[in-house]
Amino acid sequence: MNFICLCFFAFFQTIGSGDNSVLAYDSSNVRFIGNWPFGPSNAVAIDQARNLVFMGSGGGISILNVANPSAPVEVSQIKSRGFVEGLFYLNNRLYIAGGKYGLEIWDVTAPSSPAKLGSIITPGRAKDVYVSGSYAYVADWTNGIRIVNVSTPSNPVEVGYWDQDQGLAMAVVVAGNYAYIADYDMGGLIILNIADPSNPYQVGSYDTPGIAWDVFVSGVYAYIADMVAGFLILNVSDPANPYYVGSCFPSGWCMGVWVSGNYAYLANFDAGLRIINISNPASPYEVGYYNTPGNSYEVVQYGNYVYVADDYAGLRIVNVSSVNNPYEVSYFNPLNYARKVFVSGSYAYIADGQAGLTIVDIEEPSSPTFVANIMDTTHEAWGVVVEEDYAYAAYGSMELWIVDVSDLDSLYVIGSLSYPTPASGYDICVRDSLAYIAAMSQFIIASIADPRYPDLLFQDLFPANVRGVALIDSFALIACEQLGIYIYNI
């Protein structure tokens with residue numbers, strides 16, 4: 001069999017044409033029709049009245065009923081066009097900051113059947129959104145703050161903006177006539193007067209010592225997650241002259257902040273949830289923590305529970321009734337990082353990072369549905385090929401898995417092969433009962449004539465990562481980082 005599979009991702013951007021719909025990212029002959037979107041969790045929002053949590057997960061949102069926090073139930077899903085960078089919930093509407101796809105507005109009056117109302121592409125990369133009155137304030141990364149009239153959600157219209165050439169708007173909150181921006185590049189807090197949304201202007205700023213990633217405003221204080229410089233409290237009673245009040249430096253990179261009563265809840269990238277006593281703003285101090293398994297990005301609190309968007313570890317629900325001893329009560333983790341995909345018949349087989357091998361029904365392309373999954377929590381799936389009744393998955397942490405997929409209701413590993421040198425299997429091709437594997441620093445050929453007992457036939461080591469493998473006639477082409485293409489006569 002002579003088979004060459006080349007995957008190209010063509011991206012045509014026509015923003016300059018003035019089209020502010022998502023079609024501005026499609027070419028004239030190509031249209032996006034559906035996706036299986038779920039991935040790392042970076043954003044979370046909550047509807048307290050209905051016990052709903054909206055969990056941003058890659059290119060989608062899981063709507064969870066958390067009436068019983070120890071057993072969250074997925075009610076439905078939203079498939080957004082872009083990567084979910086930020087979420088804001090208000091009055092049965094969910095506002096999504098979707099990266100390069102801008103702002104989306106969804107009606108979640110019926111959580112089991114959410115409906116998209118409208119969208120607008122912003123010129124930068126929508127990182128965060130805050131809604132007040134008839135306006136949505138979008139932190140648009142390289143393009144500052146965009147102010148969008150959302151009174152007619154089917155037709156959101158930008159009415160004003162504030163941009164600073166050197167700034168990178170990361171997060172935004174609104175209180176009264178002021179918008180407070182966590183600016184990544186300028187390194188601090190920027191305060192805008194937004195009394196006239198069509199003409200916002202800067203009134204004050206404070207250069208924090210680190211990288212301002214998130215901001216929360218309560219009363220006369222602004223609470224800053226300042227990434228490498230920890231947690232800062234500023235007095236903003238005079239927006240033109242904010243000043244330093246206090247700070248502390250808990251473990252990890254401080255990425256998200258939520259304040260309630262006398263406590264600030266921090267999402268710290270590599271140190272989980274940190275709880276800070278802020279009863280004396282001049283002297284905040286850590287009173288408790290819970291190390292989540294992933295990389296924490298954002299946090300919201302309601303009652304005795306904190307909900308942490310924990311990157312590849314999904315949503316973690318932590319009981320904080322005792323702030324000195326928080327503990328996890330449950331979690332929800334959809335699928336993660338889609339590395340490779342192989343299509344056979346009406347199914348897509350996805351090497352899905354830490355979620356293992358995932359199978360999706362694509363018979364209806366506009367609405368792909370989950371079918372089955374098989375995973376090993378210690379391994380990551382990077383590559384997959386399917387032939388007849390078997391899926392050959394290149395896993396990280398030293399193994400090739402051979403999965404019997406003849407019955408999708410009952411997947412099981414029929415055979416496996418440990419790599420001779422510890423490695424992550426990045427890519428795989430199969431031909432004539434042989435598997436060709438790119439496994440980190442090595443190229444491996446294995447016999448799969450008997451899927452139950454794959455056998456190592458050949459190994460070659462490289463001084464750099466081997467990322468890909470392709471077969472052309474009697475040759476194997478190996479893509480090696482920094483060293484180019486190697487060709488083997490097979």
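How many salt bridges does the structure hold? The structure holds ten salt bridges, a salt bridge being a side-chain nitrogen of Lys or Arg within 4 Å of a carboxyl oxygen of Asp or Glu. The exercises below treat some of them, along with strands and confidence.

This is a predicted model, in which local features need pLDDT of at least 70 and side-chain atom pairs count only at pLDDT 80 or more, while totals for chains, interfaces and linings use all residues. Residues are numbered from 1 along each chain as its sequence is written, and side-chain values use heavy atoms, with hydrogens and water left out.

**Exercise 1. Confidence**

Task: State the mean pLDDT of the protein chain and find where pLDDT stays under 50.

Solution. Step one: pLDDT is the predictor's confidence in each residue, from 0 to 100. Step two: the protein chain has a mean pLDDT of 88, and 89% of its residues reach 70 or more. Step three: over residues 1–18 pLDDT stays under 50, and the model has 21 contacts beyond four places in sequence for this stretch; contact means heavy atoms within 4.5 Å. Step four: where pLDDT is low, the predicted coordinates should not be read in detail.

**Exercise 2. An open sheet**

Task: Give the strand order of the sheet that contains strand 29, and explain what is left open at its edges.

Solution. Step one: strands (E, at least two residues) are DSSP runs, numbered from the N terminus, and two strands pair if DSSP finds at least two bridges between them. Step two: four strands form an open sheet in the order 29-30-31-32, with antiparallel pairing. Step three: strand 29 (340–344) and strand 32 (369–374) stand at the edges with a single partner strand each, so one side of each has no neighbour in the sheet. Step four: from one strand to the next the twist averages 20 degrees. Step five: strand 29 pairs with strand 30 (residues 347–351) over five bridges, and V341 has I350 in strand 30 as its bridge partner.

**Exercise 3. A hairpin**

Task: Describe strand 25, its pairing and its hairpin.

Solution. Step one: four of the five residues of strand 25 (residues 298–302) are buried, so strand 25 is largely enclosed by the rest of the structure. Buried means under 20% relative accessible area, exposed over 50%, and partly exposed in between (1.4 Å probe, protein chains only). Step two: strand 25 pairs with strand 26 (residues 305–309) in the antiparallel sense over five bridges; the partner of Q301 in strand 26 is V306. Step three: this hairpin has two residues between the strands, and G303 takes a positive phi near 60 degrees.

**Exercise 4. Charged pairs**

Task: For the salt bridges of D47, R125 and R467, name each partner and give the N to O distance.

Solution. Step one: D47 pairs with R50, the closest N and O atoms being 2.6 Å apart. D47 is buried at 4% relative accessible area, whereas R50 is partly exposed at 26%.

Step two: R125 meets E85 at 2.8 Å, N to O. This pair links distant parts of the chain, 40 residues apart: R125 lies in the loop between strand 8 (115–120) and strand 9 (128–132), and E85 in the loop between strand 4 (73–79) and strand 5 (86–90). R125 is partly exposed, with a relative accessible area of 33%, but E85 is buried, with 11%.

Step three: R467 meets E481, again with 2.8 Å from N to O. R467 is in strand 39 (residues 455–472), and E481 is in the loop between strand 40 (475–480) and strand 41 (484–489), 14 residues apart. R467 is partly exposed at 34% relative accessibility, and E481 is partly exposed at 31%.

Step four: salt bridges that share partners join E85, R125 and K127 into one network.

Conventions. Axes fitted to C-alpha atoms, helices over the stretch in contact; angles between N-to-C directions.
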